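Biologist: I am new to this one. Could you take me through it, step by step?

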Amino acid sequence: MDQEKELFGGPDTESIAEQALGEAEQAADSRALYEVKMKFLGRMGIVIALMKKMREIAPEERPAFGKRVNALRARLEQAFDKMEARIRAREMAARLAREQLDVTMPGRHGRAGALHPVTRVKNQLIDIFSGMGFEIYEGPEIESDYYNFTALNTPDDHPARDMQDTFYITDHILLRTQTSAGQIRVMEQKKPPIKILSPGRVFRSDDDATHSPMFHQMEGLVVDRGITLCDLKGMLDEFARTMFSATSKTRLRPSYFPFTEPSVEVDVSCASCGGKGCSLCKGTGWIEVLGAGMVNRRVLENCGIDPDVYTGFAFGMGIERIAMLKYGINNIKLLTENDTRFLEQFRD
Ligand code: DAH
């Protein structure tokens, strides 16, 4: 070795090998190892530099020198390959451990949304009534008191205005308290035969377990020649059977609304006890579901429809109320709190 050093004035191949293998041992990962490899075996590396020195030495000594350098290169290549295989195996094991996937774990399910009970009931009402030939009309939520009250035979000082606690925006503009306002808009635009269904939000200054300041109504209006209360009754029976149960019945009780004459309140036989009487129907066997009646002549006249030629019936129901009855919900607030634990129960 010493002799070699003397001869070429550079480090001997043995100490180059030791240095290379020592540095390679220190390499923490395959990237660091690659750098060591390039330092010794790369195109600009130490071993190639040694080869280039060949020219500087005496011709008779070149074969022995060349042999030693080749042996060094082969030895380093072999050692680097082995180390590389070892490091790669270690890195792969670490990566597999990091990315481990336990296929026996229970999966995480995406939670699918579901329709809100009010939307479900609204859709079902639309299904029932459009099957009977009703068309949908949606009126504005901000109304004038003319459409919401006056034209519905409820003039300024009429006591019936007190039946609904109204949110006024100005003296004459308000948040509609009833979808009945849409009846006037329809009858102004369209002449009989009329058969419309009008769903929408309504607003009243009212707040307890069964009343909410905003709720939904479904209004119906039929105007044509020869319409009678019997038509209303038949249609309501069909509605009750589809919405509640195949054996549901309806009964009409006299009532008062300014825009209908006669006016009725409509009860449906209690679907919970089948009419025998239970806590839901407070022992009566009947549950009130909507208001209705024959359209008051005054209302037809207000809309330019001749009450001697045409008659009509109208009805209006609270969608929340129907949903509460149908699903046994005891507090209207549940319908606006958006608690997914509650809402998730309404799936097909
Ligand atoms: N608008 C009434 C209310 O909100 C409900 C109603 C009663 C609507 C009788 C009607 C009807 O169309 O004929 O209390």
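Modeller: What follows is a set of short questions and answers on a predicted model.

Biologist: Let us start with the ligand. Which residues are the closest to the ligand?

Modeller: The shell around the ligand holds 16 residues. Five of them are listed as closest. They are Gln178, Ser180, Arg204, Gln217 and Glu219.

Biologist: How far is the polar side-chain atom of arginine 204 from an oxygen atom of the ligand?

Modeller: A polar contact needs N or O atoms within 3.5 Å. Glutamine 217 has a polar side-chain atom 2.8 Å from a ligand oxygen. For arginine 204, the polar side-chain atom lies from a ligand oxygen at 2.7 Å.

Biologist: Which residue has a backbone N or O atom 3.1 Å from an oxygen atom of the ligand?

Modeller: Here the partner is a backbone atom, N or O. Its distance to an oxygen atom of the ligand is 3.1 Å. The residue is alanine 314.

Biologist: How much of the accessible area of the ligand does the protein cover?

Modeller: On its own, the ligand has 360 Å² of accessible area. The ligand sits in the largest pocket. The share of its area that the protein covers is 92%.

Biologist: Which elements give two or more residues to the shell around the ligand?

Modeller: Look for strands here. The elements that give two or more residues are strand 5 (214-224), strand 8 (286-295) and strand 9.

Biologist: Now the charged pairs. How many salt bridges are there?

Modeller: The rule asks for a Lys or Arg side-chain nitrogen within 4 Å of an Asp or Glu carboxyl oxygen. Lysine 39 and glutamate 23 meet it, with their closest N and O atoms 2.9 Å apart. The count by this rule is 20.

Biologist: How many residues apart in sequence are the parts that lysine 39 and glutamate 23 tie together?

Modeller: Lysine 39 is in helix 3 (residues 30-41), and glutamate 23 is in helix 2 (residues 13-26). The pair therefore ties together parts whose separation in sequence is 16 residues.

Biologist: Is arginine 161 buried or exposed?

Modeller: Arginine 161 forms a salt bridge with aspartate 156, at 3.3 Å from N to O. Its relative accessible area is 9%. Buried means under 20%, so arginine 161 is buried.

Biologist: Where does aspartate 308 lie?

Modeller: Its side chain meets that of arginine 297 in a salt bridge of 3.1 Å, N to O. Arginine 297 is in helix 10 (residues 297-302), eleven residues away in sequence. Aspartate 308 lies in the loop between helix 10 and strand 9 (311-318).

Biologist: Is aspartate 308 buried or exposed?

Modeller: Arginine 297, at 41% relative accessibility, is partly exposed. Aspartate 308 has a relative accessible area of 62%. The cut-off for exposed is over 50%, so aspartate 308 is exposed.

Biologist: How far apart in space are phenylalanine 129 and methionine 317?

Modeller: Phenylalanine 129 belongs to helix 6 (residues 117-131). Its relative accessibility is 0%, so it counts as buried. In sequence, phenylalanine 129 and methionine 317 are 188 residues apart. In space, C-alpha to C-alpha, they are 13 Å apart.

Biologist: Last one. Which side chain does asparagine 148 join in a polar contact of 2.8 Å?

Modeller: Asparagine 148 is part of helix 7 (residues 145-148). With a relative accessible area of 0%, asparagine 148 is buried. Its side chain makes the 2.8 Å contact with the side chain of threonine 177.

Definitions and conventions
Residues are numbered from 1 along each chain as its sequence is written. This is a predicted model: local features need pLDDT of at least 70, side-chain atom pairs count only at pLDDT 80 or more; totals for chains, interfaces and linings use all residues. Side-chain values use heavy atoms; hydrogens and water are left out. Helices (H or I, at least four residues) and strands (E, at least two) are DSSP runs, numbered from the N terminus. Buried means under 20% relative accessible area, exposed over 50%, partly exposed in between (1.4 Å probe, protein chains only). A residue is near a molecule or strand if one of its heavy atoms lies within 4 Å of it. A polar contact is a pair of N or O atoms within 3.5 Å; within protein, one must be able to donate a hydrogen and the other to accept it, and residues adjacent in sequence count only if both atoms are side-chain atoms. Accessible areas come from the Shrake-Rupley method with a 1.4 Å probe; for residues, only the protein chains shown count as cover. On a 1 Å grid over the protein atoms alone, a cavity is a set of points where a 1.4 Å probe fits but cannot get out, and a pocket is an open set with protein on both sides within 12 Å along at least five of seven lines; lining residues have an atom within 4 Å of a point. A molecule sits in a cavity or pocket if more than half of its atoms lie within 2 Å of its grid points.
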